[in-house]
Amino acid sequence: MAGWTELFELVGGRWPMEEQGTAERLQMAIRAAGAAVLFAAVYGLAAGSTDMALALGNLWKLPMLVVLSTLCSLPAGLLAWKLSGASDGASKLVVGVAAGNFAATLVLAALSPLVALYYNSSAYWGGPLAMGTVALALVVGLFSAWRLMLRAGSARLPFGVLAVVQMLALLQFTHIASPILPEQTFFDLGVDGLVDR
Amino acid sequence: MILALLAAAQAVVVADHSGEPVGDELVWTSIYHLEPGERCVALAVDTPLGAEVCADRDRQPLLVVQSRQPFPDDVIRPPLAVGPVQRVHVKKAVLLPEGLDKGTLSYASPGVGRSLRRQVDRDLMGRRIGVRGGGLYVDPAQVGRGGIPGRVGRKAASEAVTIGVGLVLLGVLALMWAGHRLLDRLARRERNARWLADAAVEEELTWDGIR
């Protein structure tokens, strides 16, 4: 229970304890990542609820998007953290990223009943609502991570690098994992669908 | 001829064309909802079905036909009926049409706005035809007999890549679990050190008479 309290403190932009050690922080980051995996799977079920095969596939596709895009962004973020001369340990950066993912997937899970309802009752609005919730989750996740990193005394550089790299990775993992929504969206084609050569 | 086409244009209320690859062919399953009393549909695109398809029995409101085209292909050739705007979508494949307006969730023929797309979705859903919205919203009047220019192809990411990525995810989750277990002892040591430090400070303060 204490673990959940800590995670919700992070979502609120507060570090649970200033004197926390590296091991404790990393454990907290792993717990946040584990919760994000669960929440992402819940959203995947809702987004694919019109088609059983799609819903079951989304049980691992959405967690995959969250976990692997984060792993892709961490090395660049850690490098930027060191280059920017941040005074705190890099474990704070890892917690910041994990907390951002936790907050974003919490938004997705909280809105997943609405997404499922719209997909199963509206002819058109399920897709736009699903895309809208994802956009909102990204904004909330980025804001949470930014606020935590700022309070950890880090420069803006590591956050910017992390955000850009994670978004780029997310786009291509979406392409690999598609279809996620019942509709074909231009994100399904990855960067090729967004940028005409 | 023109009269026949106009008559045929009245035949279809709404239609949905769903494609799915089977081997090296794309199989289109098309569902036409017909006007009362109509049983034949004139096709706007050349397909193996010919120029017209008809329902077996009179006064049948639904007509379901299957058509095939090579897969992948440089043209999108669902059996569009002469008539209203129709929806075209595929499973396990990607449509990349040319000359259609690109939206976030769909492509549409020029002039086919959001309200018309929604009307098509509502008409289809009201008759329980097809899947959710999205895909292509095509005005057959703007399509030649050769089909919709563009490409229908496989997803660029193969099944093997998707499965590989899934396995990587499993590995990462296992590592996270193992990492959490390994960090347990270190975290306990950090907590104990903090408690000891706090207790020492507390004792100092007590001895100094501050507390």
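User: How many residues of chain A are in contact with chain B, and what makes two residues count as being in contact?

Analyst: 34 residues of chain A are in contact with 34 residues of chain B; the test for contact is that the C-beta atoms, placed from the backbone, lie within 7 Å. This is a predicted model, where local features need pLDDT of at least 70, side-chain atom pairs count only at pLDDT 80 or more, and totals for chains, interfaces and linings use all residues. Residues are numbered from 1 along each chain as its sequence is written, while chains are lettered from A and ligands numbered from 1 in the order in which they are written.

User: Which element gives the most to the side of chain A that touches chain B?

Analyst: That is α2(A), with eight residues. The side of chain A that touches chain B divides into 21 nonpolar, ten polar and three charged residues. Here Ala, Val, Leu, Ile, Met, Phe, Trp, Tyr, Cys and Pro count as nonpolar, Asp, Glu, Lys and Arg as charged, and the others, Gly among them, as polar.

User: What makes up chain A, helices or strands?

Analyst: Chain A has seven helices and zero strands. Both are DSSP runs numbered from the N terminus: helices are H or I with at least four residues, strands are E with at least two.

User: Why is α2(A) called oblique to α3(A)?

Analyst: The axes of α2 (residues 22-47) and α3 (residues 52-83) of chain A cross at roughly 140° and come within 7 Å. Angles under 35 degrees count as roughly parallel, over 145 as roughly antiparallel, 65 to 115 as roughly perpendicular and the rest as oblique. The crossing angle therefore makes α2(A) oblique to α3(A). Axes are lines fitted to C-alpha atoms, for helices over the stretch in contact, and angles run from 0 to 180 degrees between N-to-C directions. The residues of this contact divide into 14 nonpolar, two polar and one charged.

User: How do you know that the size of chain A agrees with a compact globule?

Analyst: With 197 residues, a compact globule would have a radius of gyration near 16 Å, and chain A has 17 Å, so the two agree. The radius is taken over C-alpha atoms, and the globule rule is 2.2 Å times the number of residues to the power 0.38.

User: Why do β6 and β8 of chain B stand at the edges of their sheet?

Analyst: The open sheet has the order β6-β12-β8 (chain B), with antiparallel pairing. β6 (73-76) and β8 (94-97) each have a single partner strand, so one side of each is left without a neighbour in the sheet. Strands pair if DSSP finds at least two bridges between them, and β6(B) and β12(B) have three.
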